[in-house]
Amino acid sequence: MTTVLPDTEVGPLLRDWREQRRISQLELALRAESSARHISFIETGRSRPSEDMVLRLAEQLDIPVRERNALLVIAGYAPRYPQTSLDDPAMASLRESLERLLAAYEPYPALVVDGTYGVVAANRGVALLLEGVPEKLLTPPLNAMRLTLHPEGLAPRIVNLPEWRADLLAQMDRQIALVRSPALRELYDEVAAYPAPARADGTDRTAEGTSGPVPAADRADGAGRERDRAAAFALPMLLEHGGRVLSFVSSIATFNTPMDVTVAELAIETFLPADRETAAYLHAHVPS
């Protein structure tokens, strides 16, 4: 669905996107094969951009597909990009491909989320990590941010929760600035306000720094884990599971040049074991 603000002109909106991207009128004009004068006229409303110009400017400003539709409507044109439900028969091949990709990544965890972090699909590696999470959080529609940061979700088992929580909230904040989604802002406000989960010893976990107390489950190999954390090439998620601490680094992939709003907002997140012990544990505990 394309949302259009009343009494809004396309020029000021394009100017806002340009300023957000920190691009000058001249640079944008060169990229879009236009002139700085014409860009200025568009932004001030003195010139109405053609449909092609709106699309060219949106491409050069890396405006999300959903927002490109909104700009087209505001400028007086029809939306260019469809928004097809994943349940639509036309999406069958995409769904099958995503399922194959997630299955191929096993035993390591991987999932697909939409533009508001709703879980579209997940593999058995993710299911393993979610063992013990209350059923109320596992009732569809699932949301990855709620599952991770809720005090009854994964949060109590994330050893380095202060770092991981801060990274996730910063990721959401960057996404909100990019897509200007009220639903995403509402989700951010919700998860940012979650109370800090308590440790088994009653202490506040979000108040704990990276050199804070080591969980009982991790004491046996604590020295090795500290070396792993110090040598990590990306911020790891350290997650207690089955009496030990598993270490993961995550990566996120999106589709290149999507032509559908739904597809444009999909993201595939994979969790790579950050050490051999975690890899061995997953191979031993995720069904083959």
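Here is a short chat about how some labels in this predicted model are earned.

User: What does the protein chain look like overall, in helices and strands?

Analyst: The chain has 13 helices and five strands. Of its 288 residues, 43% count as buried. Its accessible surface comes to about 14900 Å², and 53% of that belongs to carbon and sulfur atoms.

User: Why is the pair F248 and F271 called edge-to-face?

Analyst: Start with how such pairs are described: you need the distance of the ring centres and the angle of the planes. For F248 and F271, the centres are 6.3 Å apart and the planes stand at 85°. Rings pair if their centres lie within 6.5 Å, and planes over 60 degrees apart count as edge-to-face. Both tests are passed, so this pair is edge-to-face.

User: Which parts of the chain does that pair link?

Analyst: F248 sits in strand β4 (residues 244–253) and F271 in strand β5 (residues 267–273), so the two are in distant parts of the chain, 23 residues apart.

User: What makes F248 and F271 buried or exposed?

Analyst: Buried means under 20% relative accessible area. F248 has 1%, so F248 is buried. F271 has 10%, so F271 counts as buried as well.

User: How many aromatic pairs does a search of the whole structure find?

Analyst: It finds two. Besides the one we just discussed, Y105 and Y108 form an edge-to-face pair, with 5.8 Å centre to centre and 75° between the planes.

User: Staying in β5, what makes T270 buried or exposed?

Analyst: T270 lies in strand β5. Its relative accessible area is 13%, and the cut-off for buried is under 20%, so T270 is buried. Not counting residues up to four places away in sequence, T270 touches Y105, P109, A110, V249, S250 and S251.

User: What makes the link between T270 and S251 a polar contact?

Analyst: The side chains of T270 and S251 are joined at 2.7 Å. The limit for a polar contact is 3.5 Å, so that distance fits.

User: And why is E99 called partly exposed?

Analyst: E99 has a relative accessible area of 45%. Buried would need under 20% and exposed over 50%, so E99 falls in between and is partly exposed. You'll find E99 in helix α6 (residues 92–105). E99 and A122 are 23 residues apart in sequence, but 8.1 Å apart in space, C-alpha to C-alpha.

User: How do you know that R46 lies over the face of F41?

Analyst: R46 is at 4.0 Å from the ring centre of F41. The distance limit is 6 Å, so that part of the test is met. R185 likewise lies over the face of Y188, at 5.2 Å from the ring centre.

User: Which residues have the most contacts inside the largest nonpolar core?

Analyst: Those are Y117, M172 and V191, in a core of 37 residues. Helix α9 (residues 161–179) gives the largest share, seven residues. Leaving aside neighbours within four places in sequence, M172 is in contact with Y117, M145, L184, L187, Y188 and V191. There's also a second, separate core of 25 residues, which includes L28, A32, I42 and L61. As a general point, nonpolar side chains in soluble globular proteins tend to be buried together.

User: Which residues of helix α4 are buried, and what do they pack against?

Analyst: In α4 (residues 51–60), M53, V54, L55, L57 and A58 are buried. The buried residues of α4 pack against α1 (10–21), α2 (25–31), α3 (36–44) and α5 (65–74). Just after α4, D62 takes a positive phi of about 55°.

Terms used: Residues are numbered from 1 along each chain as its sequence is written. This is a predicted model: local features need pLDDT of at least 70, side-chain atom pairs count only at pLDDT 80 or more; totals for chains, interfaces and linings use all residues. Side-chain values use heavy atoms; hydrogens and water are left out. Helices (H or I, at least four residues) and strands (E, at least two) are DSSP runs, numbered from the N terminus. Buried means under 20% relative accessible area, exposed over 50%, partly exposed in between (1.4 Å probe, protein chains only). Accessible areas come from the Shrake-Rupley method with a 1.4 Å probe; for residues, only the protein chains shown count as cover. Rings of Phe, Tyr and Trp (its six-membered ring) pair if their centres lie within 6.5 Å; planes under 30 degrees apart count as stacked, over 60 as edge-to-face and the rest as tilted. A charge sits over a ring if NZ of Lys or CZ of Arg is within 6 Å of the ring centre and within 35 degrees of the ring normal. A polar contact is a pair of N or O atoms within 3.5 Å; within protein, one must be able to donate a hydrogen and the other to accept it, and residues adjacent in sequence count only if both atoms are side-chain atoms. Contact means heavy atoms within 4.5 Å. A nonpolar core is a set of buried Ala, Val, Leu, Ile, Met, Phe, Trp, Tyr and Cys residues joined through side-chain atoms within 4.5 Å.
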